[in-house]
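Work through the exercises below with the sequence and the coordinates at hand. Each one sets a task and is followed by a solution that proceeds step by step.

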Amino acid sequence: MNNFPILSLILLAPLIGAIIIMCLPKDNGKAIKYIAAISTFLSLLLSLVVFIGYDRSLGGMQFVEKIPWIADLGVNYALGVDGISLPLMLLTNLIGFSAVYASWNNKERIKEFFALLLILITGVMGTFVTTDLFIFFLFYEVVVIPIYLMVIMWGSTKRVTKEYAGMKLTIYLLIGSAFLMVGLISLFIKAKGITGVPSMDMAFLATIDFPVSFQVMVFAFMAFAFGTLLSMFPFHAWSPDGYAGAPTAVSMIHAGVLKKIGGYGLIRIGLFILPAGAQIIAPIIAVLAIGNVVYAAYICISQKDLKYIVGYSSVSHMGYVLIGIAALNLISINGAIIMMFAHGVMAALFFAMIGNLYEKSHTRNVDDFGGLAHQMPRLSVGFMLAGLASLGLPGMVNFIGEFTIFVGAFSTYKVLTIIGVSGIIFTALYILRALGNVLFGPRREEWDHLQDLKGPEMVPLIVLGAAILIGGIFPFTLMDLISSGVGDLIAQVGLVQIGGIL
Amino acid sequence: MFEFILPNAWLIPLVPVLAFALIGLFLHRWPKISAALSIFSIAIAFILALVIAGGVFSAPAGTVYEFSTRWLDMPGLQVDMGLLIDALTAVMLLVVTTVALLVQIYSLGYMKGDPGIASYYAYQSLFAASMLGLVIANNLGQMFVFWELVGICSYLLIGFWFGKYSARNAAIKAFITNRVGDFGFLLAILFLQIMFGTLNFGELSDSMAGFTNMTILIPVAILLFCGPIGKSAQFPLHVWLPDAMEGPTPVSALIHAATMVAAGVYLVARAFFIFSAVPQAMTVIAVIGGFTALFAATIALTQNDIKRILAYSTLSQLGYMMMAMGIGAMTAGMFHLMTHAFFKSLLFLGAGSVIVAMHEEQDIWKMGGLYKKMPITTWTFIIGALALSGIPPLSGFWSKDEILLGALASGHIGLYIIGAFVAFLTALYMFRLIFVAFFGSNKAGAEKAQENSAVMTVPLIILAAISVVAGLVNSPLMHNAFGHYINSPAGIEPHPSLIIMISSTVIALAGIAMAWLIYQKQVISAEDLKYRFEGIYKVLYHKYYIDEIYAWLGARLVDGMAKVLYWFDIYVVNGFINAIAYVTAITGEVLKFTEDGQVQTYALYMFAGIVLLLVSALYAVYTVLI
Amino acid sequence: MIGLTHYLLLGTVVFCIGLFGVLSKRNAIAVLMSVELMLNAVNINFVAINKFITPNDVTGQLFSIFVIVVAAAEVAVGLALIISIYRHRKSVDLNDFNLLKW
Amino acid sequence: MTVSLNDLVFVAMALVIVVAATGVVMLKNIVHSALSLILAFVGVAGIYFQLSAGFIGLVQIMVYAGAISVLIIFAIMLVMDKSVEKTNLFSPNIIRLLAGMGLTFLLFVTLGVSIWFTKFPVVPAEGPVDAVGMLANLFMGDYVIAFETAAILLLVAVIGAIILAKGAEDKQ
């Protein structure tokens with residue numbers, strides 16, 4: 001299996017699917033959906049093979065592929081997965097596959113929808129799989145355009161027009177990527193200055209010992225860029241509107257995976273290449289993260305639109321990830337990565353269910369619903385599973401993430417973590433209140449026409465539900481992998497003493 | 001047999017989980033089969049528990065069996081799923097499995113005709129599994145996991161009839177209040193993990209021995225006690241238990257009388273070495289326990305709903321147990337937990353059969369003269385009430401007496417007085433209920449009441465028998481066998497004293513007599529009592545208005561704050577973004593006036609640029625020229 | 001004694017008068033004429049500098065011829081434009097042509 | 001310092017040019033400003049002769065004073081439909097007028113200051129005898145490309161002018 005380019009196949013399967021779809025006739029809806037399903041299923045299957053085939057004891061980058069691309073910039077099409085990027089790649093495929101099924105009964109313009117969706121999946125996956133900064137940034141940009149188009153064309157929102165939502169979403173991400181570009185370029189030039197060798201390879205850049213002041217400046221850029229993507233506190237404005245505006249599949253992928261690029265970037269580029277800078281800026285990020293958690297949790301309590309609730313709750317959960325990263329020790333970074341995986345799966349399931357409900361009832365206001373458990377028991381199971389996962393019930397993978405982050409962050413920021421832990425109460429409050437209003441209560445006749453999930457609509461529930469439960473009941477499947485990945489990272493970076501216990 | 005069962009005692013929680021999974025995934029379309037499967041699985045668990053208990057109690061006291069497997073571990077944090085079997089676990093296993101089995105059998109009758117029987121039994125087996133998991137946990141992390149699972153099961157079961165708004169809201173209220181308790185519990189876990197690097201009870205107690213500065217431990221112990229406050233509904237977080245009566249009565253019997261609420265007491269018992277090391281924490285526990293006991297007993301006096309009375313009685317008895325723990329009498333607390341589980345579930349099941357017979361009527365004033373129509377229920381109910389009030393031969397007497405003895409022995413005179421007074425109140429409100437509901441004058445609704453089927457009455461009889469026998473286990477007759485096994489070196493050992501026994505019996509009889517006078521004989525009419533103590537009655541009836549205070553606070557702090565922050569988010573954070581967009585639009589609007597279409601104007605702008613360049617060039621160079 | 005400076009100053013004066021004419025005259029043809037003046041001013045500078053700084057060389061004069069050539073071409077085209085605009089719009093007043101107005 | 005005849009001639013010529021130039025800009029009647037333009041061209045030609053650049057002077061007279069001024073007057077005739085008196089006024093936009101004036105004055109001051117204070121490397125040698133021959137050599141030598149381009153430019157200009165001026169008829 002060593003020279004078989006499995007990672008490229010995983011990465012390009014959706015893209016090939018998209019190209020095939022583009023050649024199909026417009027009205028042949030069935031064929032388009034099957035192609036999309038097959039291509040995403042193929043990459044899901046292969047990523048499972050990689051997940052199982054990854055040698056946990058060896059650790060480090062495996063399944064490496066390298067094709068030189070731009071010589072004088074030292075850019076090469078380099079792929080490789082390690083303990084940190086493998087779970088996120090698996091997450092992308094899981095969500096991609098269920099996103100295709102979640103939008104199974106889309107009616108208008110199926111061809112463009114699925115083509116853009118598959119390109120989006122490839123773009124998102126690319127950032128996790130590559131070990132080259134330039135390719136990372138390339139895929140980072142590939143992602144933005146499909147999202148804008150899909151929000152504009154298939155979006156739906158009440159509070160603000162979908163154009164506004166799409167525009168705000170895209171501009172925020174572009175501002176973020178602009179700062180990222182500045183950071184990358186200055187990094188590249190400084191590295192070239194110090195070593196004389198032009199290289200964009202992350203591992204190589206990590207070995208260089210940049211001056212501290214430079215590290216702080218570049219990390220600040222990175223923190224802003226990835227912060228906007230991760231909807232850090234002051235820059236979170238795009239995420240609720242973006243999710244509410246986006247169609248189901250896009251908000252699934254967006255909440256599920258796109259946000260994780262921010263987290264992954266912070267860890268991979270922030271901590272890996274600029275450790276000293278990270279150490280200085282980490283307390284600021286920690287404070288903002290706690291702002292994230294409590295602020296967004298509080299706002300969720302007053303929300304009436306289901307998608308806004310999940311939007312703000314994902315901002316709140318990202319606060320946990322951020323405090324995990326900002327605590328800069330092995331346990332908390334492990335927790336951050338598991339939390340990213342957990343939140344991805346949970347948010348995707350939640351959006352799939354909301355999308356399904358919205359398709360049938362054309363409203364997302366919590367007060368319009370009531371007693372849906374009578375009519376749609378399976379949908380209620382899906383909602384409950386996602387809801388309980390998001391409030392961090394043990395037995396689900398979110399609890400593992402939250403618990404690990406709390407333990408890790410507690411050793412570095414005592415008071416902040418205590419405030420953060422109080423978030424679990426507010427999360428439980430708004431989730432149960434929303435689910436209570438939607439699912440329980442007396443039966444309402446006007447919703448009798450809703451028919452429950454069946455056939456393809458069950459796929460997201462089964463696939464994502466299984467991921468939530470397996471990850472929660474048997475955390476060691478994910479945890480060994482991640483702690484080996486993070487262990488390597490901390491070891492490599494150990495030369496610069498990072499705060500907290502290593 | 002015991003040696004085989006012991007290492008894989010994890011089968012006990014596993015069997016009900018399998019039942020839950022099977023019902024949930026496949027069998028939910030066939031209620032009969034799922035009910036049978038669930039009862040069968042809990043029966044197996046019961047048998048295993050019996051074997052374990054037999055083995056533990058045959059081995060010398062104090063032997064501990066511990067096995068654990070890797071669950072979540074990384075360098076620096078190790079949480080594993082394990083087994084800790086000792087006398088304490090054995091007792092709890094016995095209590096939980098017996099009550100769960102009897103309740104599930106009883107539910108066959110109680111839930112007959114309910115469409116959601118399959119999911120009811122699914123939730124019942126999930127609850128049994130998580131409770132058993134909690135009992136056998138060997139570290140705080142695992143205990144927290146099952147602690148939350150038990151919480152979600154109570155949410156599902158309270159909100160079982162989700163058609164009713166009240167049930168739905170009660171379920172949410174229960175989970176949120178538990179969650180507040182869990183917040184403190186989680187913080188305590190984090191502190192312990194950071195301070196001692198481990199959560200395992202054994203390792204914790206070893207490293208605790210060597211620990212010096214107690215000042216740090218005070219907040220940790222109090223935070224750890226927050227968990228039991230939430231779960232066992234102690235004073236500040238007790239509001240959810242009375243509302244939890246919205247759930248089906250067997251659920252109240254199992255969860256809100258015997259097992260779940262006892263989890264808090266069990267945690268205090270299990271982590272007794274932490275609490276006993278911190279005297280301040282002990283006093284806090286004792287005070288909260290005592291206060292809750294008194295507080296709940298007073299409210300129970302004025303309630304009219306049969307289940308609400310029993311709920312407040314549970315609150316009061318839990319306060320008793322916590323008080324026992326607080327004063328160091330861990331044995332007495334656990335013993336009372338065991339006896340209370342049996343007779344309180346008996347009372348609840350009895351109440352359930354009354355409600356079924358009375359076709360969902362729960363107000364005791366509408367019941368009356370039931371003793372003729374429902375003899376078995378009535379007599380088993382009376383046995384339960386006698387046990388609860390602490391009449392000598394029955395189990396309640398021995399356990400309550402033990403606690404009072406402990407209070408005296410540890411010198412908490414105040415707590416002893418409160419304890420005695422609560423015992424009096426308990427007897428009063430229990431027999432108020434009996435005289436009004438069973439022996440009262442024949443009300444209209446009571447005619448058509450008739451005895452329920454065997455499937456409901458047999459568990460009542462069994463429980464009645466147990467609650468009679470259970471007391472002897474720790475009585476001097478069996479030379480305090482219970483205390484011999486379950487004791488903690490740090491706790492106090494109350495030696496039995498005849499005076500206390502006699503005095504507590506007299507108090508109980510006085511309570512019964514007073515109830516007889518007021519409600520049976522109407523010598524002192526209840527009406528004018530109510531009239532004379534109008535103010536107090538109203539306060540008690542409205543549960544000291546605590547629910548209203550919490551609701552008011554909640555609306556202000558939580559919802560109000562949420563709206564303010566949402567307003568802030570929309571108008572300030574989004575406002576800032578929209579402002580930037582608006583500014584760019586405005587500058588565009590202003591700049592357009594420079595384009596007036598005249599050729600010469602454009603020429604003017606061009607030459608102005610050129611001249612500017614020349615002037616700046618000249619300025620740059622003029623030092624050289626002049 | 002008249003030197004190069006005076007010629008260059010003369011050139012500047014004529015150039016500025018031409019510039020003012022371009023910027024302020026209403027009639028299109030007047031603007032053209034002012035442009036001619038500016039071009040002449042440039043020629044004066046060319047020839048003067050050629051005479052004083054590189055007397056035994058004629059590059060300066062060569063360039064002034066080129067300027068004249070260009071000026072001639074420019075006037076021809078300019079006037080043709082003005083005439084065609086006049087025929088279309090019946091006016092030569094620059095203020096009337098503001099099609100580019102916002 | 002001795003005031004030579006040459007200086008007097010220069011001053012006279014300069015005065016003529018400046019007066020004529022101001023005339024072009026200031027006169028109200030477009031025809032009068034055209035005539036003063038011609039006068040300015042002739043004055044400039046005089047300057048060329050004074051700078052011993054005879055050939056340029058002649059070219060100036062032939063092209064500018066001869067051809068271009070005639071062309072302008074033709075254009076004025078073609079365009080003048082109303083009475084000629086008030087045709088050459090200033091544009092009504094006062095602000096722009098003042099701005100133009102200020103700008104021009106600023107330009108004049110800047111250039112004047114820079115010219116006045118720079119020390120030009122003046123070479124007091126006599127001019128070449130055969131200036132026209134050298135010009136021809138340069139035209140056919142180093143600057144032959146420029147020469148040919150200028151030729152093409154003139155051709156294009158002529159054709160353009162004809163098309164533009166003529167174009168109006170066949171459109172109707």
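**Exercise 1. A strand and its hairpin**

Is strand β2 (residues 75–81) of chain A mostly covered or mostly uncovered, and how many of its residues are buried? Describe then how β2(A) is paired with strand β1 of chain A.

Solution. Bear in mind throughout that this is a predicted model. Begin with the burial count: six of the seven residues of β2(A) are buried, and the strand is accordingly described as mostly covered. Next, take the pairing, in which β1 (residues 62–70) of chain A runs antiparallel to β2(A) and is joined to it by six bridges. For the register, locate A:Glu65, which stands opposite A:Leu79 in β2(A). Finally, look at the turn: four residues lie between the strands of this hairpin, and A:Gly74 adopts a positive phi near 65° there.

**Exercise 2. Helix α16 of chain A**

Determine how the span of helix α16 of chain A relates to the expected one, and explain why this helix can be called largely enclosed.

Solution. The helix covers residues 397–412 of chain A, 16 residues in total, and the distance from its first C-alpha to its last is 24 Å. At 1.5 Å a residue the expected value is 22 Å, to which the span of α16(A) is close. As for its surroundings, 16 of the 16 residues of α16(A) are buried, so the helix is largely enclosed by the rest of the structure.

**Exercise 3. Positive phi outside glycine**

Find where A:His362 and D:Ser52 are placed, give the phi of A:His362 and of D:Ser52, and assign an exposure class to A:His362 and to D:Ser52.

Solution. The background to the exercise is that most residues other than glycine have a negative phi. In chain A, A:His362 has a positive phi near 55°, and its place is in the loop between α13 (330–361) and α14 (372–375). A:His362 has 9 C-beta neighbours inside 10 Å and therefore counts as exposed, the cut-off for that class being 12 or fewer. In chain D, the phi of D:Ser52 is positive at about 50°, and this residue is found in the loop between α2 (30–50) and α3 (54–79). Because D:Ser52 has 15 other C-beta atoms within 10 Å, it is classed as partly exposed.

**Exercise 4. The contacts of a loop residue**

Establish the position and exposure of A:Ile208, and list the residues it contacts beyond its neighbours in sequence.

Solution. A:Ile208 sits in the loop between α7 (202–207) and α8 (212–229) of chain A. With 15 other C-beta atoms within 10 Å, A:Ile208 is partly exposed. Once neighbours within four places in sequence are set aside, the contacts of A:Ile208 are with A:Ala191, A:Ile194 and A:Thr195. For A:Ala191, which is 17 residues away along the chain, the C-alpha separation from A:Ile208 is 7.2 Å.

**Exercise 5. How the chains meet**

Identify which pair of chains has the most contacts, analyse the side of chain C in that pair, and then examine chain B with chain D and the pairs of chain A with chains C and D.

Solution. Of the four pairs of chains that touch, chains C and D have the most contacts between them. Their contact takes 63 residues from chain C and 77 residues from chain D. On the side of chain C, α1 (4–24), α2 (28–52) and α3 (59–89) each supply at least two residues, and α3(C) gives the most, with 22 residues. By class, that side of chain C has 43 nonpolar, 15 polar and five charged residues.

Turning to chain B, eleven of its residues are in contact with twelve residues of chain D. The side of chain B that touches chain D comprises nine nonpolar and two polar residues, with no charged ones. Chain A has no contact with chain C, the closest C-alpha atoms of the two lying 27 Å apart. Nor does any contact join chain A and chain D, for which the corresponding distance is 40 Å.

**Exercise 6. Confidence in chain D**

State the mean pLDDT of chain D, and say where in this chain confidence is lowest and where it is highest.

Solution. Chain D has a mean pLDDT of 87, and 95% of its residues reach 70 or more. Within chain D, confidence is lowest in helix α6 (residues 144–171), at a mean of 85, and highest in α2(D), at 92. For the model, the scores are ipTM 0.77 and pTM 0.84.

Technical notes. Residues numbered from 1 in each chain as written. Chains lettered and ligands numbered in written order. Predicted model: local features only at pLDDT ≥ 70, side-chain atom pairs only at ≥ 80, totals over all residues. Contact = placed C-beta atoms within 7 Å. Nonpolar A, V, L, I, M, F, W, Y, C, P; charged D, E, K, R; others polar. Buried ≥ 20, exposed ≤ 12 C-beta atoms within 10 Å, placed from the backbone. Expected span 1.5 Å × (residues − 1). Pairing = 2+ DSSP bridges. pLDDT = per-residue confidence, 0-100.
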